[in-house]
Amino acid sequence: MPFKYIKKETSRTRSNLDLSVIRNAICDIDKGNSIRGVALEYGIDRNTLRNYLRDRSKLTKITEQGSQFKTSLIFTIEEEKALVDYVLTCSKMNYGLTRQAAMKLAYEYATINSKKVPDSWTSNNCAGKDWFRGFMTRNPELSLRTPEATSLSRSTSFNRKNVADFFDNLKEVRERFKFEAHNIYKCDETGCTTVQECPKVIASKHVRQVGQVTSAERGSLVTVCFAVNALGNVIPPFFIFPRVKYNESFVASGPPGSQGDSYPSGWMTTKSFVKFMEHFVKYSKASVQNQVLLILDNHESHVNIEVVKYAKLHGVTLLCLRI
């Protein structure tokens, strides 16, 4: 059975009952008017009027919009708003709640506030799937997302003080050396796999497994280091190949000016970053007379004494991001 009911085209159209109209109609009947005449006058079905005459307590359950939805809500609007704020705060702190964790939190929240909950909540110690679907529907600012893995050091280092210190240092070095836009560079690495994810293809429904020809079934990680200046000009890429020995043929078909190095895991190391600095100085034209600013993160291969010494000798000012 589908979760969201889809109304059939041939089904009878239900009218929205207004509370004041129902009450006025019942008052007229109490004065001696016939049920049929009052039903015609107010446009209400006679059986509906008879039901409310038999059980007048139903009048207290009707809202102005003619819905009993609010009476079935477990949390009030204010309580659910507080729950939404808590979920969003956890997400901003990089500790987002999974669906199961959110359902368990809802049960604990209802228990603390002495709410009446279904028996299934108590037996499972968490809210039901139906409640979770309704919760997500009522709060469209929420959605299930796949988070990006973020290390604890990066999560804790990205704060107001560190960001303010970075911009203070940036202002200081720019005022000291008067860097032009074409001499301000930012560098970073990214990992690339040699086998890309296969796209969806059209195939038979009756085939259990569908294949797609690739260069290999599992790819190898290749690190690519880029540097771009404030004008958008890019230094030719520098590759780290997962090999023991580097060969110039590895970059033969790469972008003009590409250089590389090798390391068994394909990761950036101090030795490889020193070679990248030589590559960077060559294409950025950095020198003691032509000072260049290079902004980079604080990876251990970037802040090594060999890198700092080489940069100082060739007029490269290093500014590290503390994240």
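Biologist: Which helix gives the most to the positive patch?
Modeller: The patch is formed by Arg36, Arg46, Arg50, Arg54 and Lys58 (over 30% relative accessible area, 1.4 Å probe; no salt bridge; like charges joined within 9 Å, nonpolar side chains within 5 Å). A salt bridge puts a Lys or Arg side-chain nitrogen within 4 Å of an Asp or Glu carboxyl oxygen. With three residues, the top helix (a DSSP run of H or I, at least four residues) is α3 (residues 46–54).

Biologist: What kind of model is this?
Modeller: Residues are numbered from 1 along each chain as its sequence is written, and side-chain values use heavy atoms, without hydrogens and water. Local features need pLDDT of at least 70, side-chain atom pairs count only at pLDDT 80 or more, and totals for chains, interfaces and linings use all residues; this is a predicted model.

Biologist: Why does Arg36 count as exposed?
Modeller: Arg36 sits in helix α2 (residues 35–42). Exposed means over 50% relative accessible area, buried under 20%. Arg36 counts as exposed because its relative accessibility is 57%.

Biologist: What is the area of the nonpolar patch?
Modeller: Leu152 belongs to helix α8 (residues 152–157). Leu152 is exposed, with a relative accessible area of 57%. Met93, Tyr95 and Leu152 make a nonpolar surface patch of about 380 Å².

Biologist: Which helices are among those covering the buried residues of α7?
Modeller: Helix α7 spans residues 129–138. Trp131, Phe132, Gly134, Phe135 and Met136 are buried there. Their cover, by contact (heavy atoms within 4.5 Å), includes α4 (77–92), α5 (99–112) and α6 (119–124).

Definitions and conventions: Buried means under 20% relative accessible area, exposed over 50%, partly exposed in between (1.4 Å probe, protein chains only). Helices (H or I, at least four residues) and strands (E, at least two) are DSSP runs, numbered from the N terminus. Lys and Arg count as positive and Asp and Glu as negative; His and the chain ends are not counted. The place of a charge is taken as NZ of Lys, CZ of Arg, CG of Asp or CD of Glu.
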